Amino acid sequence: METLESELTCPICLELFEDPLLLPCAHSLCFNCAHRILVSHCSTSKPLESISAFQCPTCRYVITLNHRGLEGLKRNVTLQNIIDRFQKASLSGPNSPTESRRLQPQRPYTATISGTIAGTIGGGGGTSGSSARGSPATSSHSHPHANHTNHTNHTNANHSPAVVAKMDPRISCQFCEQDPPREAVKTCVTCEVSYCDRCLRATHPNKKPFTSHRLVEPVPDTHIRGLTCLEHENEKVNMYCLVDDQLICALCKLVGRHREHQVSSLTERFDKLKQTLENNLTNLVKRNSELENQMAKLIQICQQVEVNTAMHEAKLVEECDELVEIIRQRKQVIAVKIKESKVMKLRKLAQQIANCRQCLERSSALITQAEQSLKENDHARFLQTARNVAERVAMATASSQVLIPDVNLNEAFDNFALDFSREKKILEGLDYLTAPNPPSIRDELCTASHDTITVHWTSEDEFSVTSYELQYTIYTGQTNFISLYNSADSWMIVPNIKQNHYTVHGLQSGTRYIFFVKAINQAGSRNSEPARLKTNSQPFKLDPKTAHKKLRLSNDCLTMEKDESSLKKSHTPERFSGTGSYGAAGNVFIDSGCHYWEVLLGASTWYAIGVAYKSAPKNEWSGKNSSSWVFSRCNNNFMVRHDGKEMLVEASLQLRRLGVLLDYDNNSLSFHDAMNSQHIHTFEISFLLPVVPTFMIWNKSVMILSGLPVPDFVDGLASDLQEQQQQQMGLCRQESPYLTGMKTCH
């Protein structure tokens, strides 16, 4: 018997198996012990429902659970029967259900949905839930206690029925006929009734089918019974109406107002709602964590604000104390000056008073002597004594400097006028230093050459500006200056400028630039509005080494004239040498920027003016090859020519000044009537190499003017062309679309 008992002992509780589960590894385990294993793996972040596996305590095999949890594992019925026989043989009495169920597990109870209900959910018919609610035991034996149960409607509950393992010592037997009933010792989950020890022995003998009933510690009736329907009394809710969003019973679906509604099983709705709640709870926990972090940051910022406030208040007191100390010291210095001036003035006045006193004494003595002489009646004596006195009186009267001293009474202290109005205004405006106002670039004052630009600007806060910083880059046609400022990697910076102007050297000729000026002080900096400034065109002259031998160039190499007399000139590869190719080229090669020059045509009626690659042939007319583009006049006909094809264009016979605009960066070459501000023609060219200005004449002479700023009417046309090109980005651009319809040049 002892050997058999050891075989029937659970490896966890070391007692006989109670409601044993058959594990996939062929070992067995009490239901209650398996439940305790799952509970041991629970945590705040990992609830019981989320545990999907555990290890067999005997062989460590991992047992995987489905959505039903432990209820999804099979019961070891054979083992339970063996245990029942073993207990029956070992007990002294045949009816000891209390002892045999002493370790009955307290586990969750899941209400099963009958086949009728499942068929109702799936769309089929069936009987009501009441006919299938009872267990096999209650159906076959018709226990009277099955109708003795108190039914309670839980209208506010929102969870599935479950057995709560919380023991209530006041739970009474529901089968006793005495009053008051005895205290219950067990609750039968199958019968849904609580029994005292006597009633349990009477109703649950230790034989089938009662051995399969689950007995647990006493629990309230409301905990063991499922929720009941609000419309059909004593009917358990067993499905969920999706339309009205409420729990219903099978009768509600079969014959009630929910018969046309879409419903789902409690398990399906439970899983869905639970998953939604878990997700929302996870999001809420995450949100709370974020709020806690944010609140912690805000508290930290508040603390830092307090610290910074105290620091700045101390700094303010320190600065103001320094100002007060400076005023006190200056007060003492000025007071000393006033006292020194007072002493000096009083000293001078005392000296003058002494001088006046001496003069007064001498004058008084002279007056007394004169009065004594006037009393003499004897003429001879009077004449003898009064002559000397009269001379002294006359001298004293005539000389005021002798009798009246130089008295300078400057009691007003005019040289000590105090005017602290400016200082008072400054003191009244005491405040934290702020970043200076943005400076303003004065376009009308800015100047440019072919490789320099001088930028002028003004600032309203020159007194508070410590220095200026100039930033510039090549203008790429981008209209969003803020985006350009933030994205450009090629900005050049000139720091620590003290004056309101600066000259930038080494710029590309004929190129637009964007300029910003930044005013800086200790509180920060601010930028000016952007200004677009452009360097002048590249200046050039005619290159004598390229001039045809029948052309004569002026000393300044700006004028070329047809001269039929053959001049002795050395032959070079750069020189125009073909018969009739009376041409010359400029002395520069242009590979960037926008350049403008003019040609004074004078009385010439046969010429060709344009640009060409260095590789263009020198023994044929310009424009008769793919490396040159020209505007040409032959008597009364005007045409443009390229790659041996030419096209007539309209121009005035009084054309005397031809303007040429080469925009290398935007791939265009245009010709203009400079005197009448009219556009003649534009080539669109995908430049591959640097180009050089070329000039050909067959009569008279022409003169070039280079290094000119682009006229307004030409600049406007160039801007319009640039916008059109930007709108046509992505389209294939041919090298010379204007050549359509040109005829071959003979």
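Me: How many bridges join strand E6 to E7?
Reply: This is a predicted model, so keep that in mind throughout. Strand E6 covers residues 186–188 and runs antiparallel to E7. One pairing to look at is Lys186, which stands opposite Tyr195 in E7. The number of bridges joining E6 to E7 is 3.

Me: Which strands stand at the edges of the open sheet with the order E7-E6-E8?
Reply: That open sheet has 3 strands, with antiparallel pairing. An edge strand here has a single partner strand, so one side of it is left without a neighbour in the sheet. The two in that position are E7 (193–195) and E8 (215–216).

Me: Which residue does a cis peptide bond join to Asp179?
Reply: Most peptide bonds are trans. Here omega is about 0°, so to speak of a cis bond fits the definition in use. The residue in question sits in the loop between helix H6 (136–141) and E6. It's Pro180.

Me: In the sheet with the order E10-E9-E11, by how many degrees are neighbouring strands turned against each other on average?Reply: This open sheet of 3 strands is paired antiparallel. E10 (246–248) and E11 (263–265) stand at its edges, each with a single partner strand. With direction ignored, the average turn between neighbouring strands is 35°.

Me: Which residue in E10 is the bridge partner of Met239?
Reply: Strand E9 (residues 239–241) runs antiparallel to E10. The two are joined by 3 bridges. The E10 partner of Met239 is Ile248.

Me: Is Asp245 buried, partly exposed or exposed?
Reply: Asp245 is found in the loop between E9 and E10. Its phi is near 60°, a positive value in a residue other than glycine. Buried would need under 20% relative accessibility and exposed over 50%. Asp245 comes in at 46%, so it counts as partly exposed.

Me: What is the phi of Asn635, roughly?
Reply: Most residues other than glycine have a negative phi. Asn635 lies in the loop between strand E26 (628–634) and strand E27 (637–642). At 46% relative accessibility, Asn635 counts as partly exposed. Its phi is positive although Asn635 is not a glycine, at about 60°.

Me: How far apart are the end C-alpha atoms of helix H10?
Reply: Helix H10 takes in 109 residues, 266–374. At 1.5 Å a residue, a helix of that length should span 162 Å. The distance between the end C-alpha atoms agrees with this, at 153 Å.

Me: Which residues of H10 are buried?
Reply: For a residue to count as buried, its relative accessible area has to be under 20%. In H10, the residues that meet this are Ser341, Lys345, Gln352, Cys359, Ser363, Leu366, Ala370 and Ser373.

Me: Which element gives the most residues to the lining of the second largest pocket?
Reply: The pocket holds about 740 Å³ of space. Of the 21 residues that line it, the closest to its centre are Gly429, Leu430, Asp431, Tyr432 and Leu433. The elements giving two or more residues to this lining are H10 and helix H13 (421–428). The top contributor, with 6 residues, is H10.

Me: How many residues of the second largest pocket's lining are charged?
Reply: Sort the lining by residue type and you get 10 nonpolar and 6 polar residues. The charged ones number 5.

Me: How many residues of strand E32 are buried?
Reply: Strand E32 runs over residues 691–697. On one side Val691, Pro693, Phe695 and Ile697 are buried, and on the other Val692, Thr694 and Met696 are too. Both faces are covered, and the strand is largely enclosed by the rest of the structure because the buried count is 7 of the 7.

Me: Which residue in E32 is the bridge partner of Ala608?
Reply: Strand E25 (residues 606–613) pairs with E32 in the antiparallel sense over 7 bridges. Strand E23 (residues 583–585) also pairs antiparallel with E32, over 3 bridges. Gly583 has Met696 as its bridge partner in E32. For Ala608, the E32 partner is Met696.

Me: Which residues of strand E33 point to one face and are buried?
Reply: In a regular strand the side chains alternate between the two faces of the sheet. Strand E33 (residues 701–705) shows this, with Ser701, Met703 and Leu705 pointing to a face where they are not buried. Pointing to the other face, and buried, are Val702 and Ile704.

Me: Which residue in E33 stands opposite Glu598?
Reply: Strand E24 (residues 594–600) pairs with E33 in the antiparallel sense over 3 bridges. Strand E22 (residues 559–562) pairs with E33 antiparallel as well, also over 3 bridges, and Thr559 has Met703 as its bridge partner. Opposite Glu598 stands Leu705.

Notes
Residues are numbered from 1 along each chain as its sequence is written. This is a predicted model: local features need pLDDT of at least 70, side-chain atom pairs count only at pLDDT 80 or more; totals for chains, interfaces and linings use all residues. Side-chain values use heavy atoms; hydrogens and water are left out. Helices (H or I, at least four residues) and strands (E, at least two) are DSSP runs, numbered from the N terminus. The expected span of a helix is 1.5 Å times one less than its number of residues. Buried means under 20% relative accessible area, exposed over 50%, partly exposed in between (1.4 Å probe, protein chains only). On a 1 Å grid over the protein atoms alone, a cavity is a set of points where a 1.4 Å probe fits but cannot get out, and a pocket is an open set with protein on both sides within 12 Å along at least five of seven lines; lining residues have an atom within 4 Å of a point. Grid points are joined across faces, edges and corners, and a volume is the space filled by probe spheres set on the points. Ala, Val, Leu, Ile, Met, Phe, Trp, Tyr, Cys and Pro count as nonpolar, Asp, Glu, Lys and Arg as charged, and the others, Gly among them, as polar. Two strands pair if DSSP finds at least two bridges between them. Axes are lines fitted to C-alpha atoms, for helices over the stretch in contact, and angles run from 0 to 180 degrees between N-to-C directions.
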